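Visitor: Please show me the model, and let us then discuss it by question and answer.

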Amino acid sequence: MAAAAPVAPARVQARWLATSVLVVGAAFVLAVAVGAVSLAPGRIALEVLDHVPGISVDSGLSARESAIVWQLRLPRVVLGLLVGSMLAVAGASFQGVFRNPLADPYLLGASSGAGLGATIAIVSRNSSGLSWSVPLAAFVGALAAVGLAYLLASVGLGDRSSTVLLLAGVAVAAFLSAIQTFLQQRHADSIREVYSWLIGSLSATGWGDIRTVLPYGIVSVTILLAHRRVLDVLSVGDEEAGALGLRVLRSRLLIVAAASLATAAAVSVSGLIGFVGIVVPHTVRMLAGSSYRVILPLSVFFGGAFLAGADLLARTVLSPAEVPIGVITAVFGAPFFAIVLRSRRRVSL
(Lines give C-alpha, C1' and ligand atoms only; values in the text may rest on other atoms or scores of the structure.)
Protein backbone atom coordinates (compact mmCIF):
# COMPACT_ATOMS: atom_id res chain seq x y z
CA MET A 1 0.00 0.00 0.00
CA ALA A 2 1.48 3.35 -1.02
CA ALA A 3 2.29 5.84 1.71
CA ALA A 4 0.08 8.89 1.92
CA ALA A 5 1.57 12.05 0.50
CA PRO A 6 2.65 14.57 3.13
CA VAL A 7 0.29 17.47 3.68
CA ALA A 8 1.78 20.77 2.57
CA PRO A 9 1.93 23.44 5.26
CA ALA A 10 -0.76 26.10 5.07
CA ARG A 11 0.27 29.23 3.25
CA VAL A 12 -1.39 32.46 2.30
CA GLN A 13 -3.07 31.97 -1.06
CA ALA A 14 -2.14 34.51 -3.73
CA ARG A 15 -5.77 35.52 -4.18
CA TRP A 16 -6.17 36.36 -0.51
CA LEU A 17 -2.91 38.28 -0.44
CA ALA A 18 -4.00 40.26 -3.51
CA THR A 19 -7.43 40.86 -1.97
CA SER A 20 -5.92 42.13 1.27
CA VAL A 21 -3.67 44.56 -0.59
CA LEU A 22 -6.62 45.84 -2.64
CA VAL A 23 -8.71 46.29 0.51
CA VAL A 24 -5.96 48.29 2.20
CA GLY A 25 -5.51 50.41 -0.91
CA ALA A 26 -9.23 51.10 -1.16
CA ALA A 27 -9.45 52.01 2.54
CA PHE A 28 -6.45 54.32 2.20
CA VAL A 29 -7.80 56.16 -0.84
CA LEU A 30 -11.31 56.55 0.57
CA ALA A 31 -10.09 57.69 3.99
CA VAL A 32 -7.84 60.35 2.46
CA ALA A 33 -10.31 61.51 -0.20
CA VAL A 34 -13.56 61.63 1.80
CA GLY A 35 -14.24 64.21 4.46
CA ALA A 36 -15.62 67.69 5.05
CA VAL A 37 -13.63 68.69 1.96
CA SER A 38 -13.84 66.02 -0.74
CA LEU A 39 -10.71 65.49 -2.83
CA ALA A 40 -10.27 63.61 -6.09
CA PRO A 41 -8.32 60.35 -5.62
CA GLY A 42 -6.31 61.05 -8.77
CA ARG A 43 -5.13 64.40 -7.47
CA ILE A 44 -4.23 62.82 -4.13
CA ALA A 45 -2.10 60.25 -5.93
CA LEU A 46 -0.34 63.01 -7.86
CA GLU A 47 0.18 64.98 -4.66
CA VAL A 48 1.85 61.97 -3.03
CA LEU A 49 4.00 61.39 -6.11
CA ASP A 50 5.08 65.03 -6.06
CA HIS A 51 6.72 64.41 -2.68
CA VAL A 52 8.73 61.45 -3.94
CA PRO A 53 12.39 62.44 -4.44
CA GLY A 54 13.20 62.94 -8.11
CA ILE A 55 9.55 63.32 -9.20
CA SER A 56 7.85 66.63 -9.84
CA VAL A 57 4.21 66.74 -10.90
CA ASP A 58 1.38 69.21 -10.52
CA SER A 59 -1.44 67.66 -8.50
CA GLY A 60 -3.82 70.55 -9.07
CA LEU A 61 -4.52 70.87 -5.36
CA SER A 62 -4.56 74.28 -3.74
CA ALA A 63 -2.28 75.11 -0.83
CA ARG A 64 -5.22 74.63 1.54
CA GLU A 65 -6.11 71.25 0.07
CA SER A 66 -2.48 70.16 0.17
CA ALA A 67 -2.33 71.08 3.85
CA ILE A 68 -5.48 69.04 4.50
CA VAL A 69 -3.85 66.01 2.89
CA TRP A 70 -0.45 66.22 4.57
CA GLN A 71 -1.24 67.73 7.95
CA LEU A 72 -4.65 66.24 8.72
CA ARG A 73 -5.71 63.20 6.73
CA LEU A 74 -2.56 61.33 5.76
CA PRO A 75 -1.12 61.16 9.30
CA ARG A 76 -4.48 60.04 10.64
CA VAL A 77 -5.00 57.39 7.97
CA VAL A 78 -1.44 56.04 8.21
CA LEU A 79 -1.70 55.82 12.00
CA GLY A 80 -5.07 54.07 11.68
CA LEU A 81 -3.54 51.50 9.34
CA LEU A 82 -0.62 50.99 11.71
CA VAL A 83 -2.65 50.75 14.93
CA GLY A 84 -5.24 48.46 13.33
CA SER A 85 -2.53 46.11 12.08
CA MET A 86 -0.85 45.95 15.48
CA LEU A 87 -4.06 45.30 17.40
CA ALA A 88 -5.24 42.65 14.93
CA VAL A 89 -1.94 40.75 14.95
CA ALA A 90 -1.69 41.01 18.74
CA GLY A 91 -5.22 39.67 19.13
CA ALA A 92 -4.57 36.75 16.80
CA SER A 93 -1.35 35.94 18.65
CA PHE A 94 -3.05 35.94 22.05
CA GLN A 95 -5.78 33.68 20.67
CA GLY A 96 -3.11 31.25 19.49
CA VAL A 97 -0.83 31.26 22.48
CA PHE A 98 -3.72 30.86 24.95
CA ARG A 99 -5.78 28.59 22.67
CA ASN A 100 -8.74 30.87 23.35
CA PRO A 101 -10.61 32.22 20.29
CA LEU A 102 -12.16 35.01 22.37
CA ALA A 103 -8.85 36.44 23.58
CA ASP A 104 -8.12 40.05 22.64
CA PRO A 105 -5.05 42.33 22.82
CA TYR A 106 -6.07 43.61 26.25
CA LEU A 107 -6.23 40.15 27.79
CA LEU A 108 -3.42 40.52 30.35
CA GLY A 109 -4.43 43.90 31.71
CA ALA A 110 -2.82 46.12 29.09
CA SER A 111 -5.99 48.21 28.80
CA SER A 112 -6.23 48.75 32.55
CA GLY A 113 -2.55 49.60 32.81
CA ALA A 114 -2.76 52.04 29.91
CA GLY A 115 -5.92 53.58 31.34
CA LEU A 116 -4.31 54.04 34.74
CA GLY A 117 -1.16 55.54 33.23
CA ALA A 118 -3.16 57.98 31.12
CA THR A 119 -5.36 58.88 34.09
CA ILE A 120 -2.34 59.62 36.29
CA ALA A 121 -0.83 61.82 33.58
CA ILE A 122 -4.07 63.76 32.97
CA VAL A 123 -4.87 64.19 36.67
CA SER A 124 -1.32 65.33 37.46
CA ARG A 125 -1.40 67.88 34.65
CA ASN A 126 -4.78 69.29 35.65
CA SER A 127 -4.31 69.32 39.42
CA SER A 128 -0.63 70.08 39.98
CA GLY A 129 0.52 71.47 36.65
CA LEU A 130 3.00 68.65 36.06
CA SER A 131 3.41 68.16 32.33
CA TRP A 132 3.40 64.41 31.73
CA SER A 133 3.14 62.81 28.33
CA VAL A 134 -0.16 60.93 28.18
CA PRO A 135 1.00 58.53 25.42
CA LEU A 136 4.21 57.74 27.31
CA ALA A 137 2.32 57.19 30.57
CA ALA A 138 -0.17 54.91 28.82
CA PHE A 139 2.65 52.95 27.16
CA VAL A 140 4.51 52.43 30.43
CA GLY A 141 1.29 51.54 32.25
CA ALA A 142 0.32 48.91 29.69
CA LEU A 143 3.73 47.24 29.76
CA ALA A 144 3.84 47.40 33.57
CA ALA A 145 0.43 45.70 33.82
CA VAL A 146 1.46 42.83 31.57
CA GLY A 147 4.75 42.47 33.42
CA LEU A 148 2.92 42.39 36.75
CA ALA A 149 0.56 39.71 35.47
CA TYR A 150 3.45 37.56 34.30
CA LEU A 151 5.31 38.12 37.60
CA LEU A 152 2.23 37.15 39.59
CA ALA A 153 1.79 33.98 37.54
CA SER A 154 5.43 32.88 37.69
CA VAL A 155 6.43 33.96 41.21
CA GLY A 156 3.30 34.42 43.26
CA LEU A 157 1.44 31.41 41.88
CA GLY A 158 4.49 29.37 40.87
CA ASP A 159 3.06 28.52 37.45
CA ARG A 160 3.30 30.07 34.00
CA SER A 161 0.75 27.97 32.19
CA SER A 162 -1.68 29.76 29.93
CA THR A 163 -4.59 29.32 32.34
CA VAL A 164 -2.74 30.74 35.33
CA LEU A 165 -1.39 33.63 33.27
CA LEU A 166 -4.94 34.46 32.17
CA LEU A 167 -6.15 34.45 35.77
CA ALA A 168 -3.24 36.66 36.79
CA GLY A 169 -4.15 39.09 34.01
CA VAL A 170 -7.74 39.27 35.23
CA ALA A 171 -6.58 39.98 38.79
CA VAL A 172 -4.14 42.69 37.71
CA ALA A 173 -6.75 44.31 35.45
CA ALA A 174 -9.30 44.43 38.29
CA PHE A 175 -6.75 45.92 40.71
CA LEU A 176 -5.55 48.63 38.31
CA SER A 177 -9.11 49.49 37.29
CA ALA A 178 -9.99 50.01 40.94
CA ILE A 179 -7.09 52.45 41.35
CA GLN A 180 -8.12 54.29 38.21
CA THR A 181 -11.72 54.59 39.44
CA PHE A 182 -10.49 55.96 42.77
CA LEU A 183 -8.39 58.61 41.01
CA GLN A 184 -11.28 59.64 38.81
CA GLN A 185 -13.53 59.95 41.81
CA ARG A 186 -10.99 62.14 43.59
CA HIS A 187 -10.48 64.33 40.52
CA ALA A 188 -13.93 64.71 39.02
CA ASP A 189 -12.79 67.68 36.93
CA SER A 190 -10.65 65.35 34.82
CA ILE A 191 -13.29 62.68 34.17
CA ARG A 192 -14.33 64.05 30.77
CA GLU A 193 -10.76 64.18 29.46
CA VAL A 194 -9.95 60.73 30.81
CA TYR A 195 -13.14 59.30 29.32
CA SER A 196 -12.36 60.83 25.94
CA TRP A 197 -9.01 59.07 25.94
CA LEU A 198 -10.46 55.76 27.11
CA ILE A 199 -12.97 55.44 24.25
CA GLY A 200 -10.23 55.91 21.66
CA SER A 201 -9.56 58.48 18.98
CA LEU A 202 -7.22 59.25 16.10
CA SER A 203 -8.31 62.88 15.90
CA ALA A 204 -5.27 64.48 17.54
CA THR A 205 -2.61 62.57 15.67
CA GLY A 206 0.32 63.78 13.64
CA TRP A 207 3.47 62.51 11.99
CA GLY A 208 5.21 62.62 15.38
CA ASP A 209 2.88 59.92 16.72
CA ILE A 210 3.68 57.73 13.73
CA ARG A 211 7.42 58.14 14.24
CA THR A 212 6.94 57.25 17.91
CA VAL A 213 4.94 54.06 17.42
CA LEU A 214 6.46 52.79 14.15
CA PRO A 215 9.65 51.23 15.62
CA TYR A 216 7.65 49.27 18.21
CA GLY A 217 5.22 48.17 15.53
CA ILE A 218 7.95 46.93 13.22
CA VAL A 219 9.75 44.99 15.96
CA SER A 220 6.66 43.42 17.54
CA VAL A 221 4.87 42.50 14.30
CA THR A 222 8.08 41.05 12.83
CA ILE A 223 8.57 38.83 15.89
CA LEU A 224 4.96 37.65 15.81
CA LEU A 225 5.03 36.89 12.09
CA ALA A 226 8.25 34.95 12.59
CA HIS A 227 6.45 32.80 15.21
CA ARG A 228 3.33 32.03 13.18
CA ARG A 229 4.42 28.40 12.78
CA VAL A 230 5.09 28.19 16.51
CA LEU A 231 1.49 29.29 17.15
CA ASP A 232 0.28 26.42 14.98
CA VAL A 233 2.36 24.00 17.06
CA LEU A 234 1.11 25.50 20.35
CA SER A 235 -2.48 24.97 19.20
CA VAL A 236 -2.12 21.20 19.73
CA GLY A 237 -1.36 21.64 23.45
CA ASP A 238 1.69 22.21 25.65
CA GLU A 239 2.59 18.55 26.13
CA GLU A 240 2.32 17.72 22.45
CA ALA A 241 4.25 20.86 21.48
CA GLY A 242 6.98 19.96 23.94
CA ALA A 243 7.14 16.44 22.53
CA LEU A 244 7.71 17.99 19.10
CA GLY A 245 10.77 19.77 20.46
CA LEU A 246 9.28 23.21 21.09
CA ARG A 247 10.42 25.13 24.18
CA VAL A 248 6.90 26.00 25.24
CA LEU A 249 7.52 28.46 28.09
CA ARG A 250 10.17 30.37 26.20
CA SER A 251 8.03 30.60 23.07
CA ARG A 252 4.96 31.66 25.01
CA LEU A 253 6.91 34.38 26.85
CA LEU A 254 8.35 35.78 23.63
CA ILE A 255 4.98 35.82 21.84
CA VAL A 256 3.19 37.37 24.83
CA ALA A 257 5.92 40.00 25.18
CA ALA A 258 5.79 40.94 21.49
CA ALA A 259 1.98 41.05 21.42
CA SER A 260 1.93 43.13 24.60
CA LEU A 261 4.50 45.54 23.15
CA ALA A 262 2.36 45.98 20.03
CA THR A 263 -0.74 46.58 22.16
CA ALA A 264 0.99 49.05 24.47
CA ALA A 265 2.41 51.04 21.58
CA ALA A 266 -0.95 51.11 19.79
CA VAL A 267 -3.04 52.26 22.76
CA SER A 268 -0.47 54.87 23.75
CA VAL A 269 -1.35 56.93 20.65
CA SER A 270 -4.97 55.94 20.03
CA GLY A 271 -6.53 55.16 23.40
CA LEU A 272 -8.51 52.00 23.99
CA ILE A 273 -10.08 50.83 20.73
CA GLY A 274 -11.91 47.58 21.26
CA PHE A 275 -12.87 44.58 19.12
CA VAL A 276 -10.22 45.01 16.41
CA GLY A 277 -8.24 42.06 17.81
CA ILE A 278 -11.34 39.85 17.78
CA VAL A 279 -13.22 40.86 14.63
CA VAL A 280 -10.29 40.83 12.22
CA PRO A 281 -8.60 37.50 13.14
CA HIS A 282 -11.95 35.68 13.24
CA THR A 283 -12.98 37.12 9.89
CA VAL A 284 -9.69 35.96 8.38
CA ARG A 285 -10.13 32.56 10.03
CA MET A 286 -13.60 32.10 8.57
CA LEU A 287 -12.62 33.26 5.08
CA ALA A 288 -9.06 32.07 4.48
CA GLY A 289 -8.27 29.25 6.92
CA SER A 290 -7.45 28.44 10.53
CA SER A 291 -3.66 28.20 10.32
CA TYR A 292 -1.75 31.04 11.95
CA ARG A 293 0.56 31.03 8.94
CA VAL A 294 -2.45 32.48 7.15
CA ILE A 295 -4.18 34.42 9.94
CA LEU A 296 -1.25 36.56 11.07
CA PRO A 297 -0.09 37.93 7.69
CA LEU A 298 -3.63 38.67 6.52
CA SER A 299 -4.50 40.26 9.88
CA VAL A 300 -1.78 42.83 9.24
CA PHE A 301 -3.59 44.04 6.12
CA PHE A 302 -7.22 43.58 7.10
CA GLY A 303 -6.63 45.01 10.59
CA GLY A 304 -5.28 48.24 9.17
CA ALA A 305 -8.07 48.48 6.61
CA PHE A 306 -10.74 47.81 9.25
CA LEU A 307 -9.55 50.58 11.56
CA ALA A 308 -9.00 53.07 8.72
CA GLY A 309 -12.56 52.37 7.55
CA ALA A 310 -13.92 52.69 11.07
CA ASP A 311 -12.16 56.04 11.49
CA LEU A 312 -13.62 57.23 8.19
CA LEU A 313 -17.10 56.46 9.50
CA ALA A 314 -16.27 58.07 12.85
CA ARG A 315 -15.49 61.44 11.27
CA THR A 316 -18.15 61.47 8.53
CA VAL A 317 -21.29 59.73 9.78
CA LEU A 318 -22.34 62.75 11.92
CA SER A 319 -20.20 65.38 10.18
CA PRO A 320 -19.17 67.99 11.25
CA ALA A 321 -19.33 66.26 14.64
CA GLU A 322 -17.09 63.27 15.22
CA VAL A 323 -18.08 59.94 16.76
CA PRO A 324 -15.44 58.25 18.95
CA ILE A 325 -13.82 55.49 16.95
CA GLY A 326 -14.29 53.08 19.84
CA VAL A 327 -18.04 53.47 19.40
CA ILE A 328 -17.80 52.55 15.71
CA THR A 329 -15.69 49.44 16.34
CA ALA A 330 -18.06 48.39 19.13
CA VAL A 331 -21.09 48.74 16.82
CA PHE A 332 -19.48 46.22 14.48
CA GLY A 333 -17.64 44.19 17.10
CA ALA A 334 -20.35 43.48 19.67
CA PRO A 335 -22.71 41.68 17.23
CA PHE A 336 -19.75 39.87 15.72
CA PHE A 337 -18.69 38.74 19.20
CA ALA A 338 -22.20 37.38 19.80
CA ILE A 339 -22.07 35.49 16.49
CA VAL A 340 -18.74 33.91 17.46
CA LEU A 341 -20.14 32.85 20.83
CA ARG A 342 -23.23 31.36 19.20
CA SER A 343 -21.24 29.45 16.58
CA ARG A 344 -18.92 28.01 19.22
CA ARG A 345 -21.92 26.96 21.29
CA ARG A 346 -23.37 25.09 18.31
CA VAL A 347 -20.05 23.36 17.70
CA SER A 348 -19.80 22.28 21.34
CA LEU A 349 -23.32 20.87 21.19
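Visitor: Which residues are buried in helix 12?

Guide: This is a predicted model. A residue is called buried when its relative accessible area is under 20%. By that criterion, the buried residues in helix 12 are Val-276, Gly-277, Ile-278, Val-279, Val-280, Pro-281, His-282 and Val-284.

Visitor: How far apart are the end C-alpha atoms of helix 12, and what span should its 13 residues have?

Guide: Helix 12 covers residues 276–288, and the expected span follows from 1.5 Å a residue. The expected span is 18 Å, which agrees with the distance between the end C-alpha atoms, 18 Å.

Visitor: Which residue takes a positive phi just after helix 12?

Guide: The phi in question is about 135°. The residue that takes it is Gly-289.

Visitor: Which residues have the most contacts inside the largest nonpolar core, and which helix gives the most to this core?

Guide: The largest nonpolar core has 82 residues, and Phe-98 and Leu-234 have the most contacts inside it. Leaving aside neighbours within four places in sequence, Leu-234 is in contact with Val-97, Arg-99, Ala-241, Leu-246, Val-248 and Ile-255. With 12 residues, the element that gives the most to the largest core is helix 11.

Visitor: Which helix gives the most to the lining of the largest pocket?

Guide: The largest pocket holds about 350 Å³ of space. Among its 16 lining residues, Leu-72, Arg-73, Arg-76, Arg-315 and Glu-322 are the closest to its centre. The elements that give two or more residues to the lining are helix 3 (63–97) and helix 13 (292–316). With 5 residues, the one that gives the most is helix 3.

How values were computed:
Residues numbered from 1 in each chain as written. Predicted model: local features only at pLDDT ≥ 70, side-chain atom pairs only at ≥ 80, totals over all residues. Heavy atoms only, no water. Core = buried A, V, L, I, M, F, W, Y, C linked by side-chain atoms within 4.5 Å. Buried < 20%, exposed > 50% of the residue type's maximum accessible area, 1.4 Å probe, protein only. Helix = DSSP H or I, 4+ residues; strand = E, 2+ residues; numbered from the N terminus. Contact = heavy atoms within 4.5 Å. 1 Å grid on protein atoms, 1.4 Å probe; cavity = no way out; pocket = protein on both sides within 12 Å on 5 of 7 lines; lining within 4 Å. Points joined across faces, edges and corners; volume = space filled by probe spheres on them. Expected span 1.5 Å × (residues − 1).
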